[in-house]
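Open the structure in your viewer and keep the selection box at hand. We will go stop by stop.

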Amino acid sequence: MTPTGSASFRDPENAAFQADGTWYRVARDASAQALRTLRGSDLYTELVAEGALLRFDEVPAEVAVDLVRRHATDSGRPAAEGGGVFSVEALDVITYPWEWPNSLLESAALLTLDLRRRLLAIDLDLKDASAFNVQFRGMRPVFIDLGSIEAWRPNPSWNASRQFIEHFINPLAVGSGDRVTAADAWELGRHRGLRSDVARQLMPSRRRRSMSLMLLQATTRPVEKNAPAESRFSGDAQRNPELARNATLSLTKRLARQVSRLRSGQHRTTWVDYGTREHYGSDDLVRKSDFAAAFVAADPGRNALVLDVGGNDGFTAAHLVREVDARVVVMDADAGALDVLHEGMSAVAELADRVSPVLGDITNLTPASGLLEREFAAFTARVRPTAVTCQAVLHHVVITQGTPMQFAVDALASFGAPVQIEFATEEDEKSRLLLSQIPNWTGDYSTETLLTALRARFARVEVAGTTSPTRVVVNAWDLLDAT
């Protein structure tokens, strides 16, 4: 569910939209009945308590009439007759599969299959298996697409298995090597998953030799060559629904086993070993995290959602959670480093609930895209931080990537929140090394250039101190009007 506009206009049976600050689901008859069945079950209580499903409640009929009318205006579809409208719990951050490290895509896959298994026990099912059906609270997956839940029609297979393979198994298979990630596979698939024939060309050779994976991928051939099991075996399934249920449960378990087999080792990415931080003394590490905590604590509400740009393995994020009770999004361009973060934090409850790893480059954030640029919202529309931290990143952005300092600061300021920057000065060993690798470099990289760029965007700029003799911490807040 994107924070602006209609979030789902491809499903005529059930669509999400926002009105007056609240999210709703407008459901036609069959979809509404499926949601009522789930809402009245013990399973609903269990899933919500586990954090695996968004809370939802049906709104009174007199309220629903107006909401249906408003949704029709926004969605491009005629107003639904009958059915129902459900208010839905909102999430603070929305991310997309190409912004997830392998570990998050795997978690989303396993949640989808576990939910389907449990739904089948109360005669419900998932009509699709899109990765977009899942989001994250911290690192914990939560199923958000209530419109995917429908009454189960006896079927020994699962009509959504092809989509599950293309959205989860194929990207994870391609991303199971040591160089390419599942997020890379999603980018190659142009944000629509990855076809099996393409995946087989890109997978590590050991995956291509897997018979179980090959057989699953073979089931994704075009429908005209591989008719849905529901139509081919409908008579047998109707005569013996329990046999059909056991068969489709077996398929669900088979898919889950395949997902688990695709768990990759550590990717050989640029910053995967940054956690050693051999260039920092132990006191420097503590000092930089303390500066971040003091910055976040300086104003009530800054801890609501901190964006840690270039946060790598989450060292500072963990400190912010523990010291100032912050909710943190760690954005880093290195998927391997974020997998290290997930491995280290996902089993620690206080961190798993409050730290979200997201793949992203501050110089190339995801723009709005999809149909009419309304299907997928821009990163800055989905992540609305109350504070931004950026530690030891700008020397890579300005020197290595050749970004003018003002543009780099503008990118940080685009979130509209107070910013803290740990800046490796021109005398810093790492800055000097980067500069030495670029012959005839003519850019402007200095502390004064940084301060000038910040003062062009913020009313208040202060040098807060140093984390080492060559690294300075600068705080900036009260954003100026860009006009």
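Is Val330 buried or exposed? Select Val330 and look: Val330 is buried, with a relative accessible area of 0%. Keep in mind that this is a predicted model.

**Stop one: around Val330**

Val330 sits in strand 10, which covers residues 328-332. Now add Val306 to the selection. The two are 24 residues apart in sequence, and their C-alpha atoms are 8.4 Å apart in space. Next, show the contacts of Val330, leaving aside its neighbours within four places in sequence. Among them are Asp308, Gly311, Asn312, Gly314 and Ala317. Leu338 and Leu341 are in contact with Val330 too. So are Val355, Ser356, Pro357 and Val358.

**Stop two: aromatic rings**

How many aromatic pairs does a search of the whole structure find? The search finds 16. Start with Phe56 and Phe86. Their ring centres are 5.9 Å apart and their planes stand at 75°, so this pair is edge-to-face; the cut-off for that class is over 60 degrees. Phe56 belongs to strand 3 (residues 56-58) and Phe86 to strand 4 (residues 84-88), so the pair ties together parts that are 30 residues apart in sequence. Check the burial of each ring residue. Phe56 is buried, at 1% relative accessible area. Phe86 is buried as well, with a relative accessibility of 1%.

Move on to Trp98 and Trp186. This aromatic pair is tilted, with 6.3 Å from centre to centre and 45° between the planes. Trp98 lies in the loop between strand 4 and helix 4 (102-120), while Trp186 is in helix 6 (residues 182-188), so the pair ties together parts that are 88 residues apart in sequence. Both Trp98 and Trp186 are buried. Now widen the selection to Tyr96, Phe132 and Phe376. Ring pairs link these three with Trp98 and Trp186 into a cluster.

**Stop three: a charge over a ring**

Select Arg302 and Phe295. What sits over the ring of Phe295? The charged end of Arg302 does, 4.7 Å from the ring centre.

**Stop four: helix 21**

Select residues 447-455 to bring up helix 21. Which of its residues are buried? They are Thr447, Thr449, Leu450, Leu451, Ala453 and Leu454. Now show what these buried residues pack against. On the helical side, there are helix 18 (394-400) and helix 19 (405-413). The strands are strand 13 (419-424), strand 14 (458-468) and strand 15.

**Stop five: positive phi**

Stay with strand 15, residues 471-479, and pick Asp478. Its phi is near 60°, a positive value in a residue other than glycine. Asp478 is partly exposed, with a relative accessible area of 42%. Then jump to Leu372. This residue is not a glycine, yet Leu372 has a positive phi of about 55°. Leu372 lies in the loop between strand 11 (355-359) and helix 17 (379-382). Leu372 is exposed, with a relative accessible area of 67%.

**Last stop: a surface patch**

Select Met211, Met214 and Leu215, and turn on the surface. What do they form there? They make a nonpolar patch, with about 280 Å² of accessible area together. Met214 is part of helix 9, residues 211-218. At 34% relative accessibility, Met214 counts as partly exposed, because that class runs between 20% and 50%.

Key. Residues numbered from 1 in each chain as written. Predicted model: local features only at pLDDT ≥ 70, side-chain atom pairs only at ≥ 80, totals over all residues. Heavy atoms only, no water. Patch = residues over 30% accessible without salt bridge, like charges linked within 9 Å, V, L, I, M, F, W, Y side chains within 5 Å. Areas by Shrake-Rupley, 256 points an atom, 1.4 Å probe, with all protein chains shown as cover. Salt bridge = Lys/Arg side-chain N within 4 Å of Asp/Glu carboxyl O. Helix = DSSP H or I, 4+ residues; strand = E, 2+ residues; numbered from the N terminus. Buried < 20%, exposed > 50% of the residue type's maximum accessible area, 1.4 Å probe, protein only. Phe/Tyr/Trp six-rings, centres within 6.5 Å; stacked < 30°, edge-to-face > 60°. Lys NZ or Arg CZ within 6 Å of the ring centre and 35° of its normal. Contact = heavy atoms within 4.5 Å.
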